[in-house]
Amino acid sequence: MKIRTILFVIFSFIVNNIFSQELSSIKVIDIYGNHITGQEIIDNNQHLLIYFFTNSCYSCHLVAPHVDTLYMKFGCNCKDVFFIAMNLYSFSTDEQVFNFTQYYGINFPAVSGQGGSSNIAEMFGIGYTPYFILISPNNEIIVNDNYLESNIEELEKILEKY
């Protein structure tokens, strides 16, 4: 049991260090051609909430409108939290992601594989969706987990803390 705990602590430390080194290197282009960088978000002293999704994911369809509600509640990327949706697949196109955002009511920036989203998913080791990562301006990973509709309230409580 002690070995398992020690391994978990070591793994967590390594994972957090890897993520913190790479946050500032996030560079993507959203479906409207806007360049978004992790460094700009850090410079604005904002938390970064990344919502990973796929167009065919049923849970992603359920969660998307709730995430958009949080986006509106927390200032539409003009206050303490910057929201961004990233499609998991490298073959996803801007048009496919645009259709997803329109159909499920996502108003925050969204990135397709075309815009580099799959590189970010790979950077964080994301293999399934929906998945959320919340990163503080000082590069601390606060949330690194999948969430279903019932957990959105928990995510909202976490965002309220920050």
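I began with the charged side chains and found Lys73, Glu156 and Glu160 linked in a network of salt bridges. I note that this is a predicted model.

I then asked how many salt bridges the whole structure holds. My search of the whole structure returned 2.

I looked up the pair Glu156 and Lys73. Their closest N and O atoms are 2.3 Å apart, and the two residues form a salt bridge. I placed Glu156 in helix α6, residues 152-161, and Lys73 in helix α3, residues 58-73. The two residues are 83 apart along the chain, and the pair links distant parts of it.

I next took the pair Glu160 and Lys73. Here the side chains meet in a salt bridge at 2.9 Å, N to O. Glu160 lies in helix α6 and Lys73 in helix α3, so this pair ties together parts that are 87 residues apart in sequence.

I checked accessibility for the three residues. Is Glu156 buried or exposed? I found Glu156 partly exposed, with a relative accessible area of 22%. Buried means under 20%, so I did not enter Glu156 as buried. Lys73 has 48% relative accessibility and counts as partly exposed. The cut-off for exposed is over 50%, so I did not enter Lys73 as exposed. Glu160, at 46% relative accessibility, I also entered as partly exposed.

I closed the entry with the network itself: salt bridges link Lys73, Glu156 and Glu160.

Notes
Residues are numbered from 1 along each chain as its sequence is written. This is a predicted model: local features need pLDDT of at least 70, side-chain atom pairs count only at pLDDT 80 or more; totals for chains, interfaces and linings use all residues. Side-chain values use heavy atoms; hydrogens and water are left out. A salt bridge is a side-chain nitrogen of Lys or Arg within 4 Å of a carboxyl oxygen of Asp or Glu. Helices (H or I, at least four residues) and strands (E, at least two) are DSSP runs, numbered from the N terminus. Buried means under 20% relative accessible area, exposed over 50%, partly exposed in between (1.4 Å probe, protein chains only).
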